[in-house]
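Keep the structure open as you read. The text starts with one pair of residues and works outward from there.

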Amino acid sequence: MEKTKTINPATGEEIASYDRISAEAAKEKIAKANEVFLSWKQTSFEERAKLMHALADIFEDKKEEYALLATREMGKIIAQSESEVEKCARICRYYADNAASLLANVSVDTEASKSYVTFQPLGVLLAVMPWNFPFYQVIRFAAPALMAGNTCVLKHASNVQGCAFKLQEIIEAAGFPKGIFSNLNIDSEAVKEVIENKHIKAVTLTGSEPAGRSVASIAGENLKKTVMELGGSDAYIFLEDADLDKATDLAVFGRLQNNGQTCIAAKRFVVLEEIYEEFLEKFTEKMKAKKMGEPTDEDVFLGPMARADLRDELHEQVEKSVSQGARLVIGGEIPDEKGAYYPATILAEVTPGMEAFDNELFGPVASVIKAKDAKHAVELANNSSFGLGSGVITNDTKRGEEIALQLEAGNSFVNKLVVSDPRMPFGGIKNSGYGRELSGYGIREFTNTKSVWID
Ligand code: NAP
């Protein structure tokens, strides 16, 4: 039996190994999820909410334990792992409290005696999920999906199988019926057969663009709905009137949070030429000051990347960008120590056509780009195949809002880094994917929007 190994990226040591499940075992778990669906869809929002609050309680009670598990499996610094677990509890409570109103029937004025739109669950959903927020990404889809009356099977990233099995365990411990949410420890090749299974009604994937293309095309052939939350190369525009102390604090956090591995991380820093040199100087100073090291140490801000192969790929992208003319300001060298570490790195004078401009750098590497004026900055920001997050930093919020509305992205924030908030829809355009998670938009993605007409 093939095994999945989890490796601590801070040390390179194996944590645990898990047997991959066979195609037959996956089929059984999907059939079970379908059987559970038939009764789960009949339950009331109140019953579902009670269990969802119980799940939130577990996240809160066991925060330290789960945070440590995430940190050990993918290297996130411990304080941020704890915030991730807290965020899981918040999202469970949000959907527990709001699903009934978000999915309430919408009455429509027609010549019928009664006509309305109702939102019914679809059935078993497949979720293909990434390792970067190993608890939160899963809960972001599972909390609304379960509250809407669906059931789920999960194909999680191979390197966070401990978190994947923990999620299955605690969903059951909260009192949800056994089999409502199963972790399928399968490899990515086995995903095709799962999508083709007649009980799978829709697929959600959070991950890279290549994984999204592959899964969306298989789902398309099978006429199954998908939501795709893919990569990004988010641009933040720094206008000439920005407060540079605050702006650079934001830039450092935006680029180094989660060891640089966040889909909505600030990746391209588009800075107006009047403030370019000063921005770069302050940004460099602050990036240098952040301590890299063991992610459980409290004074560390930058832990290792999640896997050594991902670190090596990032380094190749940095070298390629430098060979294309980008200036390496700091970092850019693989440290001579164990673990998948990569230092805080700044590439300056990055221009379109360079690797660091055109592709996603999923690690602690910032691309700083000079713009002649605000119009040029918008052109540069929009010159990307991605469209996930974006931002504008300025003292003039009205002007910031006007610019934010011109940015081609699913999320545009002024004077704040993009965050996912359960009350607001979250998702991308262009190669960052389609469909939305969170809020009412997200919970309705996996429902049948049904017209009912009583003549
Ligand atoms: P990834 O390599 O695409 O993996 C994501 C998931 O897809 C994993 O479970 C992976 O399984 C699976 N997978 C990979 N290739 C597949 C294929 N051809 N068919 C079926 N499944 C496949 O991405 P990652 O490295 O985990 O995550 C980083 C990427 O996710 C970045 O691009 C990031 O921007 C994006 N992301 C986007 C969002 C968002 O909300 N838009 C949020 C977080 C991350 P294995 O682990 O077994 O390979």
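**From one residue pair to two sheets**

Leu-347 sits opposite Ser-367 of strand 14. This is a predicted model. The wider setting of that pair is strand 13 (residues 345–348) and strand 14 (residues 365–371), which are joined in parallel by three bridges.

Now step back to the whole sheet. It is open, has seven strands and follows the order 12-13-14-11-10-16-17. Its pairing is mixed. Strand 12 (327–330) and strand 17 (411–414) are the edges. Each has a single partner strand, so one side of each lacks a neighbour in the sheet. From one strand to the next, the twist averages 25 degrees.

What packs on this sheet? Helix 10 (residues 273–289) does. Helix 10 touches strand 10 (234–238), strand 11 (266–272), strand 12, strand 13 and strand 14. The directions of helix 10 and strand 14 make an angle of about 165 degrees.

Turn to another sheet. Strands of a sheet pair through backbone hydrogen bonds, in either a parallel or an antiparallel sense. This open sheet has six strands in the order 7-6-5-8-9-19, and its pairing is mixed. Strand 7 (181–183) and strand 19 (433–434) are its edge strands, each pairing on one side only. Strand 7 runs parallel to strand 6 (residues 151–155), and three bridges join them. Follow one of these contacts: Leu-154 has Asn-183 in strand 7 as its bridge partner.

Helices lie across these strands too. Helix 5 (residues 136–147) lies across strand 5 (124–128), strand 6, strand 7, strand 8 (200–206) and strand 9 (225–229). Helix 5 runs at about 165 degrees to strand 6. Helix 6 lies across strand 6 and strand 7, and runs at about 155 degrees to strand 7.

Helix 6 also leads to a helix pair. Two packed helices are described by the angle between their axes and the distance between the axes. For helix 2 (residues 45–61) and helix 6 (residues 161–173), the axes come within 9 Å and cross at roughly 125 degrees. Helix 2 is therefore oblique to helix 6. The crossing of helix 2 past helix 6 is right-handed.

Which residues make this contact? Helix 2 brings Leu-55, Ile-58 and Phe-59. Helix 6 meets them with Leu-167, Ile-170, Ile-171 and Ala-173. The residues of this contact divide into seven nonpolar, no polar and no charged.

Note on methods:
Residues numbered from 1 in each chain as written. Predicted model: local features only at pLDDT ≥ 70, side-chain atom pairs only at ≥ 80, totals over all residues. Heavy atoms only, no water. Axes fitted to C-alpha atoms, helices over the stretch in contact; angles between N-to-C directions. Helix = DSSP H or I, 4+ residues; strand = E, 2+ residues; numbered from the N terminus. Parallel < 35°, antiparallel > 145°, perpendicular 65-115°, else oblique. Left-handed = near helix turned anticlockwise from the far one by under 90°. Contact = heavy atoms within 4.5 Å. Nonpolar A, V, L, I, M, F, W, Y, C, P; charged D, E, K, R; others polar. Pairing = 2+ DSSP bridges.
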